Amino acid sequence: MDSVRQPRDLDRLSRAELDRLAAEIREFLIENVSRTGGHLGPNLGVVELTIALHRVFDSPRDALIWDVGHQAYVHKLLTGRQDFEKLRCVGGISGYPSRAESEHDIVENSHASTALSYADGVAKAFRLRGLTDRRVIGVIGDGALTGGMAWEALNNIAGGDLPVVIVVNDNERSYAPTIGGLANHLGTLRTTQGYERFLDWGKNTLARTPYVGGAIYETLHGMKKGLKDIVAPQGMFEDLGLKYIGPIDGHDVDAVESALRRAKAFGGPVIVHVLTRKGEGYEPARADEVHQLHQVNPQTNPETGLPFQVKGTSWTDVFAEEMLKIGNDRPDVVGITAAMLIPVGLHKFAQQYPDRIYDVGIAEQHAATCAAGLAFGGLHPVVAVYATFLNRAFDQVLMDCSLHKAGVTFVLDRAGITGPDGASHHGVWDLSILQVVPGIRVAVPRDAAQVRALVREATDIDDGPTVVRYSKGSVGPEIEAVDRVDGVDVLRRAAKPVHEADLLIIAMGPLAGAALSAAEELAAEGIEATVVDPRWVKPVNPALVDMARTHRAVVTVEDNGRVGGVGAAISQAMQDAGVLRPTKVLGVPTEFQAHDERPAILARLGLDAPGIAAAGRAVHALAVEPAELS
């Protein structure tokens with residue numbers, strides 16, 4: 001592996017050396033990713049495929065686009081990025097393709113089902129610029145092909161004659177096993193001998209038959225479409241106008257190279273169907289029937305694939321347990337997931353109630369509108385997705401759920417700053433985009449007890465959509481309220497009489513702990529703060545405005561974008577009510593946040609205790625000594 005610093009270094013390697021390279025890459029990935037954390041199983045499965053891609057095509061002259069980008073670690077290694085010491089850590093390389101890292105990374109792709117649309121656009125640009133000798137390759141998994149956007153792209157690619165090579169990396173899984181009609185179709189293709197091999201046999205055999213052999217072969221070739229439907233049911237692709245090659249053993253470099261060279265020479269859109277095994281070459285991954293070590297945490301034992309230390313209870317774990325209890329109590333409650341059954345915590349519900357769970361594949365838009373249909377049919381669906389993926393279904397939440405007042409509960413996992421997965425996976429948009437949705441109600445729990453309570457409250461609402469969002473990682477200690485005022489939890493009261501209190505800190509969800517610490521720091525300086533948790537953040541509770549009226553200044557704190565978020569809505573509500581107080585809205589600025597640990601990012605953004613205290617100190621100073629108007 002030390003001899004490969006750029007893709008063309010692969011050209012001089014023999015088959016034996018390529019096999020050795022594949023083995024070394026797997027050893028490298030197991031050792032390094034086990035230490036830093038990251039996507040291990042998917043990358044172990046694409047080693048030979050990636051080697052073959054870089055031997056056949058000339059990146060970056062030929063555009064190689066990965067969908068999803070978490071399977072691009074091998075691509076990084078072959079394009080000069082072999083320092084994995086700080087993978088997914090500040091100062092280190094990203095866990096996804098990154099245009100800032102390398103010219104070999106065409107897109108920073110980490111949301112599924114997008115690569116083929118990118119590929120279509122790049123190919124059209126090459127054609128228009130006269131770059132007719134360049135190829136575009138989109139590598140997409142069978143799981144990502146369950147997303148509707150991929151089929152929109154396929155429809156457009158098939159309608160042209162652009163040299164786009166679509167490599168379907170078929171390992172029968174996304175995070176979990178791939179489901180649906182496409183999965184069944186690909187399964188059929190996997191188990192057939194294949195038309196191309198049959199036709200090759202026919203050509204070689206009949207060529208030795210005097211007089212009639214050639215004529216019989218031509219007749220068979222002319223019956224191509226019907227014969228293919230019998231021998232290998234790949235007609236779905238060819239009916240679209242896409243040449244199909246496969247299925248190919250994705251762990252045989254020679255076989256993959258041969259298929260890719262044929263696709264490259266064709267000059268039009270081609271699908272190369274490659275069969276791989278997630279976690280290949282690593283027994284702990286292959287033995288992991290649940291997700292084949294799709295992603296491992298930092299400090300995982302490379303010998304066993306298990307973490308050295310067991311982490312505490314996660315937010316997801318709490319939801320999983322409560323969702324099961326709700327299912328026991330409510331036969332009308334059903335679950336929906338978009339190919340993330342285990343990561344979002346619906347697996348326990350699914351085990352107990354297999355007839356009440358729907359995995360729609362990577363299709364968040366369909367999940368939201370299907371949920372509305374389920375609600376119209378008399379059920380209460382709970383749609384559990386990562387917060388970052390709710391962005392993809394905004395129109396469906398707005399027009400299909402909210403407009404129709406559908407009783408659907410959306411549970412958003414990994415909300416707020418998520419850390420090592422970087423810009424595309426921080427869930428810092430939902431509280432802003434949901435502010436413009438009429439009639440939707442949004443809750444942000446601060447601890448495990450509030451997850452349980454708010455999910456219950458959300459599923460009891462049937463006259464419109466509800467949302468509950470919580471963080472990634474381990475849930476912190478429970479924070480008891482000292483009082484509840486019209487639904488708002490008071491976590492700390494200022495040690496001053498009403499109307500003389502210095503500061504009101506409104507903390508959304510998991511930032512309540514930092515807000516309480518900030519209040520104690522300010523108290524030591526003589527600034528008394530009341531700390532409250534709204535629990536339900538949309539619509540704005542009028543009690544918050546009343547509380548602001550009895551304090552000199554206000555600070556709002558949320559793990560979401562500042563623009564259009566909860567703090568902005570509270571500030572607007574205060575203005576509308578004539579409550580004019582110096583107010584500081586703390587949140588995430590309108591910029592993409594790079595990968596780093598969650599606490600470090602929060603500290604950098606002023607969303608930790610010192611940052612909240614500094615904001616409180618500054619806004620209190622404005623209240624005590626108002627700045628002169630210029």
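Q: How many salt bridges does a search of the whole structure find?
A: Keep in mind that this is a predicted model. The protein chain has 630 residues, of which 59% count as buried. Searching the whole structure for salt bridges gives a total of 43.

Q: How many residues apart in sequence are the parts that R15 and D254 tie together?
A: The side chains of these two meet in a salt bridge, 2.6 Å from N to O. R15 belongs to helix α1 (residues 15-36), while D254 belongs to helix α12, so the pair links parts whose separation in sequence is 239 residues.

Q: Is R15 buried, exposed or partly exposed?
A: Buried would need under 20% relative accessible area, and exposed would need over 50%. R15 comes out at 31%. Its salt-bridge partner D254 has 41% and counts as partly exposed. For R15 too, the label is partly exposed.

Q: Where does D463 lie, given its salt bridge with R441?
A: The side chains of D463 and R441 meet at 2.4 Å, N to O. R441 sits in strand β10 (residues 441-443), and the pair ties together parts 22 residues apart in sequence; D463 itself is in the loop between α20 (448-459) and β11 (466-469).

Q: What is the relative accessible area of D463?
A: R441, the other half of the salt bridge, is partly exposed at 24%. D463 is partly exposed as well. Its value is 47%.

Q: By about how much of a helix are D546 and R549 separated?
A: Their side chains form a salt bridge with an N to O distance of 4.0 Å. D546 is partly exposed at 44%, and R549 is partly exposed at 38%. They are three residues apart in helix α22 (residues 542-549), which means a separation of about one helical turn.

Q: Which residues are joined into one network by salt bridges that share partners?
A: Here the salt bridges link up through shared partners. The resulting network is made of R446, D447, E457, R484, D489, D533 and R535.

Q: Is D430 buried or exposed?
A: D430 is in helix α19 (residues 430-433). Leaving out residues up to four places away in sequence, D430 touches A387, L390, L412, R469 and N560. Its relative accessible area is 0%, so D430 is buried.

Q: Which side chain does a polar contact of 2.9 Å join to that of D430?
A: One of the residues that D430 touches is also its partner in a polar contact. The contact is 2.9 Å, side chain to side chain, and the partner is R469.

Q: Why is one side of β1 left without a neighbour in the sheet?
A: The open sheet has five strands with parallel pairing, in the order β1-β2-β3-β5-β4. β1 (63-67) and β4 (243-249) each have a single partner strand, so one side of each has no neighbour in the sheet; the reason is that they stand at the edges.

Q: By how many degrees are neighbouring strands of this sheet turned against each other on average?
A: The sheet in question is the open one that runs β1-β2-β3-β5-β4. With direction ignored, the average turn between neighbouring strands is 20°.

Q: Which residue in β3 stands opposite V139?
A: Strands β2 (residues 136-141) and β3 (residues 164-170) run parallel and are joined by six bridges. Opposite V139 in β3 stands V167.

Q: Which strands of the sheet does helix α12 touch?
A: Helix α12 (residues 253-266) packs on the sheet, and its direction makes about 170° with that of β4. The strands it touches are β3, β4 and β5.

Q: What is the bridge partner of K243 in β5?
A: β4 is mostly covered, with five of its seven residues buried. Five bridges join β4 to β5, and the two run parallel. For K243, the partner in β5 is V270.

Q: Which residues have the most contacts inside the largest nonpolar core?
A: This core has 49 residues, and its largest share, eight residues, comes from α1. I25 touches M1, V47, I51, V74, L77 and L78, not counting residues up to four places away in sequence. The residues with the most contacts inside the core are I25, L29 and L53.

Notes: Residues are numbered from 1 along each chain as its sequence is written. This is a predicted model: local features need pLDDT of at least 70, side-chain atom pairs count only at pLDDT 80 or more; totals for chains, interfaces and linings use all residues. Side-chain values use heavy atoms; hydrogens and water are left out. Helices (H or I, at least four residues) and strands (E, at least two) are DSSP runs, numbered from the N terminus. Buried means under 20% relative accessible area, exposed over 50%, partly exposed in between (1.4 Å probe, protein chains only). A polar contact is a pair of N or O atoms within 3.5 Å; within protein, one must be able to donate a hydrogen and the other to accept it, and residues adjacent in sequence count only if both atoms are side-chain atoms. Contact means heavy atoms within 4.5 Å. Two strands pair if DSSP finds at least two bridges between them. Axes are lines fitted to C-alpha atoms, for helices over the stretch in contact, and angles run from 0 to 180 degrees between N-to-C directions. A nonpolar core is a set of buried Ala, Val, Leu, Ile, Met, Phe, Trp, Tyr and Cys residues joined through side-chain atoms within 4.5 Å.
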